[in-house]
Amino acid sequence: HLGPLAVPRFAFGPLAPDLASILNQGGLTRAHNVVRKSGGYGPLNGLAAIAGGTALTARARGALASIDTAGNAIMFGGDETKLYRLRDTGFVDVSRASGYGALDDARWEFALIGDQVIATNYNDAPQVFNLVSGTLFADLNLNAPRARHAEIVENFLVLGNIYDLELGPLTNGISWSARGNPNSWPERGSDLAVAAQSDRNVFDGDGGWVMGIVSGSEVGAVFLEREIHRMDYRGGDLVFEFNRVEKKRGLVVPGGFAPFGREVFYIAEDGFYRFDYTRSVPVGKDKLNRFFFDDLDRNYIDRVTVVADPDQTRILIGYPGSGHSGGTPNKLLIYDYLLDDFTQASVDHEILSLVIDPGVTLDTLPDDVIDDLPYSTTSFADRVAVPGALRVGAFN
């Protein structure tokens, strides 16, 4: 019997739809449109528009949001044929004059080194934008290989899954620029290349394609389909030392990882893991690995994106699941790496990304103009909007 002031309390356990009900005692089979909190669950914030004005003209294929060396907020995005920079008027076309031709399953990857933004999509030459003097992107050094992946490791621009000018397609290879100068790619093996420490590495064995490159505070890692290699800077003629730290396990989704702290969350063929540059620990086993792969439409696996929330201890995974329309991602899984639990959500989007908040939200705009603005970038954030604030968000 409950007295007049008694309030019933329910303890909801972790989300574990993979477990049979007889084993899932106290756990949940569905935790929808919520986030994990200590002692329970709370609501997931809806998307709030942050970027008014001109939108991208086609499906978003990648984005970069960061702070430049002068402390200014910057944001770039790319679609099939154009690269854009976010300005007060919205996204402005800053493509090279000839435009681009990203393949149907291609995505743009961006990297920031000093005052230079690098963008690559494999089908086109790597692009560079000078934040101090540039108005348009331009081709990087002609010796730089085309590449699917780009990252800055120990002040080198590292390109992965490359089309080498000498050897052609090297899906299992990486190449890196002169140290501190992404525009310098001396002829491999030359005295200039040795002095600049520019070189390449091809991973032997059956590891498969390079699927992503990630940089830690002092090390890097190269994710292949079935292997992970740690890269340690040594300098001299060696430049980088490569050690295979994971065998028979790698990255199943191109770019399907998110660094957080000193670890990396990633999606392997058998589920979700966190990696500390030495070993991997499973985080989705007996929880929702099977649920995810059963729900994911693998015909559009290139649409999966993963991003770490800079404000919260959460990783968001966006993917096209059951009920999607034409491959447009419509589902989220949200992993809290402090609480080591997942939740679910339904949110239509094109890609997840960090986004720059210019200090304008629906709450700060006059009611009579809200309906007329073609917003293209939105945020899940719940803190006060300030110019230059990095948030986790999405392009829609």
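The following dialogue examines how terms are applied to this predicted model.

Trainee: What makes the chain as a whole a confident prediction or a doubtful one, by pLDDT?

Mentor: The average pLDDT of the chain is 89, and 89% of the residues score at least 70. Since pLDDT is the predictor's confidence on a scale from 0 to 100, these values describe the chain overall, but residues 359–375 stay under 50. The model has 23 contacts beyond four places in sequence for that stretch. Where pLDDT is low, the predicted coordinates should not be read in detail.

Trainee: What is the chain built of, and what share of its residues counts as buried?

Mentor: The chain holds three helices and 30 strands. Of its 396 residues, 52% count as buried, the criterion being a relative accessible area under 20%. About 17,700 Å² of the chain is exposed, and carbon and sulfur atoms supply 49% of that area. Among contacts between residues at least 6 apart in sequence, 51% join residues at least 24 apart.

Trainee: Why is Tyr122 called buried?

Mentor: The relative accessible area of Tyr122 is 12%. The cut-off for buried is under 20%, so a residue at this value qualifies. Tyr122 sits in the loop between strand 9 (116–120) and strand 10 (127–130). Its phi is positive, about 80°, although Tyr122 is not a glycine.

Trainee: Asn155 also has a positive phi without being a glycine; why is Asn155 called partly exposed?

Mentor: Asn155 has a relative accessible area of 40%. Partly exposed lies between the limits of 20% and 50%, therefore Asn155 belongs in that class. The phi of Asn155 is about 70°, and the residue lies in the loop between strand 12 (146–153) and strand 13 (156–164).

Trainee: How do you know which class Pro14 belongs to?

Mentor: Pro14 has 36% relative accessibility, and because this falls between 20% and 50%, Pro14 counts as partly exposed. Pro14 lies in the segment before strand 1 (34–37). Leaving aside neighbours within four places in sequence, Pro14 is in contact with Gly27, Leu28, Arg36, Tyr41 and Asp341; contact requires heavy atoms within 4.5 Å. Pro14 and Gly40 are 26 residues apart in sequence, with 8.7 Å between their C-alpha atoms.

Trainee: What makes strand 18 and strand 19 a pair?

Mentor: Strand 18 (residues 227–235) and strand 19 (residues 239–247) share eight bridges and run antiparallel. Pairing asks for at least two bridges, so the criterion is met. One example is Arg230, whose bridge partner in strand 19 is Asn243. The two strands form a hairpin with three residues between them, and Gly236 in the turn has a positive phi of about 60°.

Trainee: Why are strand 16 and strand 19 called edge strands of their sheet?

Mentor: Their sheet is open, with four strands in the order 16-17-18-19 and antiparallel pairing. Strand 16 (210–215) and strand 19 each have a single partner strand, so one side of each is left without a neighbour in the sheet. The twist averages 20° from one strand to the next. Strand 16 is joined to strand 17 (residues 220–224) by five bridges in the antiparallel sense, and Ile213 stands opposite Val222 in strand 17.

Trainee: Which strands stand at the edges of the sheet with the order 12-13-14-15, and why?

Mentor: In this open sheet of four strands, the pairing is antiparallel. Strand 12 and strand 15 (199–202) are at the edges because each has a single partner strand, leaving one side of each without a neighbour in the sheet. Neighbouring strands here are turned by 25° against each other on average, direction ignored. Inside the sheet, six bridges join strand 13 to strand 14 (residues 168–176), and Ile162 stands opposite Leu170 in strand 14.

Trainee: What makes a set of residues a nonpolar core, and which residues have the most contacts inside the largest one?

Mentor: The members must be buried nonpolar residues of the listed types, joined through side-chain atoms within 4.5 Å. The largest such core has 27 residues, and those with the most contacts inside it are Phe265, Ile267, Phe272, Phe292 and Ile315. Among the elements giving two or more residues to this core are strand 21 (263–268), helix 2 (289–295) and strand 25 (314–319). Strand 25 supplies the largest share, three residues. In soluble globular proteins, nonpolar side chains tend to be buried together.

Notes:
Residues numbered from 1 in each chain as written. Heavy atoms only, no water. Buried < 20%, exposed > 50% of the residue type's maximum accessible area, 1.4 Å probe, protein only. Areas by Shrake-Rupley, 256 points an atom, 1.4 Å probe, with all protein chains shown as cover. Axes fitted to C-alpha atoms, helices over the stretch in contact; angles between N-to-C directions.
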